[in-house]
Amino acid sequence: MPRSNRPRRPASGRPGVAAGKPAGKKGNGDVPELDLERARAGIARRESAPDGEWMVRTMTARNAEKTYICPGCSTAVVPGIAHLVVWKDDHLFGAAVGLAERRHWHTNCWLSRTYRYR
């Protein structure tokens, strides 16, 4: 009975070269360029404030595609404007509910917000 976990030999009989392709290469060789701005934007950071623990994620201008209302100034956060996505990390009913109630803030509105309870 043949072993199924043994790699197959290349068609040419030479190890490392299979069907005219160099060993270890798959696909067409095109490697997409790494976008560091996009990679950094997806990471949420934790912020502590007098009104609780918050998770804050930066939304870049390129990724901002919809219109939202900023809770700080009650004006629109239009597409193409960098802003923050904020949700309560220590929500009374759990992290999933806090994430579902996330809001989009202008960066300046979030930084200059007051800590009064509304």
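User: Let's start with Cys-109. Is Cys-109 buried or exposed?
Analyst: This is a predicted model. In it, Cys-109 counts as buried, because its relative accessibility is 17% and the cut-off for buried is under 20%.

User: And what about Cys-73, buried or exposed?
Analyst: Neither. Cys-73 is partly exposed, with a relative accessible area of 32%.

User: How far is the sulfur of Cys-73 from the closest cysteine sulfur?
Analyst: The distance is 3.6 Å, and the closest sulfur is in Cys-109.

User: Why is there no bond, then?
Analyst: Because 3.6 Å is too far for one. A disulfide here needs the two sulfur atoms within 2.5 Å.

User: How many disulfides are there in the whole structure?
Analyst: Zero, after a search of the whole structure.

User: Back to Cys-109. Which residues make up the largest nonpolar core?
Analyst: There are 10, and Cys-109 is one of them. The others are Ala-49, Trp-54, Val-56, Cys-70, Val-77, Leu-84, Val-86, Trp-105 and Trp-110.

User: Which elements each supply at least two residues of this core?
Analyst: Strands S4 and S7 do, and so does helix H3, which covers 107-111.

User: Is there another core?

Analyst: Another one lies apart from it, with five residues. Among them are Met-55, Met-59, Ala-64 and Trp-87.

User: What does Trp-110 touch, leaving out residues up to four places away in sequence?
Analyst: Trp-110 touches Glu-47, Trp-54, Val-56, Leu-84, Val-86 and Trp-105.

User: New topic: the sheet. What is the strand order?
Analyst: The order is S3-S4-S7-S8. The sheet is open, has four strands and pairs them antiparallel.

User: Which strands stand at the edges?
Analyst: S3 (45-49) and S8 (103-105). Each has a single partner strand, so one side of each has no neighbour in the sheet. From one strand to the next, the twist averages 35°.

User: How many bridges join S3 to S4?
Analyst: Five, and the two strands run antiparallel. S4 spans residues 52-59. One bridge partner in S4 is Gly-52, which goes with Ala-49.

User: Now His-83. Where does it lie?
Analyst: His-83 lies in strand S7, residues 83-88.

User: Buried or exposed?
Analyst: His-83 counts as buried, because its relative accessibility is 2%.

User: Which side chain does the His-83 side chain join in a polar contact?
Analyst: That of His-104, at 2.9 Å.

User: What else does His-83 touch?
Analyst: Beyond residues up to four places away in sequence, its contacts include Arg-57, Thr-58, Met-59, Tyr-68 and Trp-105.

Definitions and conventions: Residues numbered from 1 in each chain as written. Predicted model: local features only at pLDDT ≥ 70, side-chain atom pairs only at ≥ 80, totals over all residues. Heavy atoms only, no water. Buried < 20%, exposed > 50% of the residue type's maximum accessible area, 1.4 Å probe, protein only. Polar contact = N/O pair within 3.5 Å; in protein donor to acceptor, adjacent residues only side chain to side chain. Contact = heavy atoms within 4.5 Å. Pairing = 2+ DSSP bridges. Axes fitted to C-alpha atoms, helices over the stretch in contact; angles between N-to-C directions. Core = buried A, V, L, I, M, F, W, Y, C linked by side-chain atoms within 4.5 Å.
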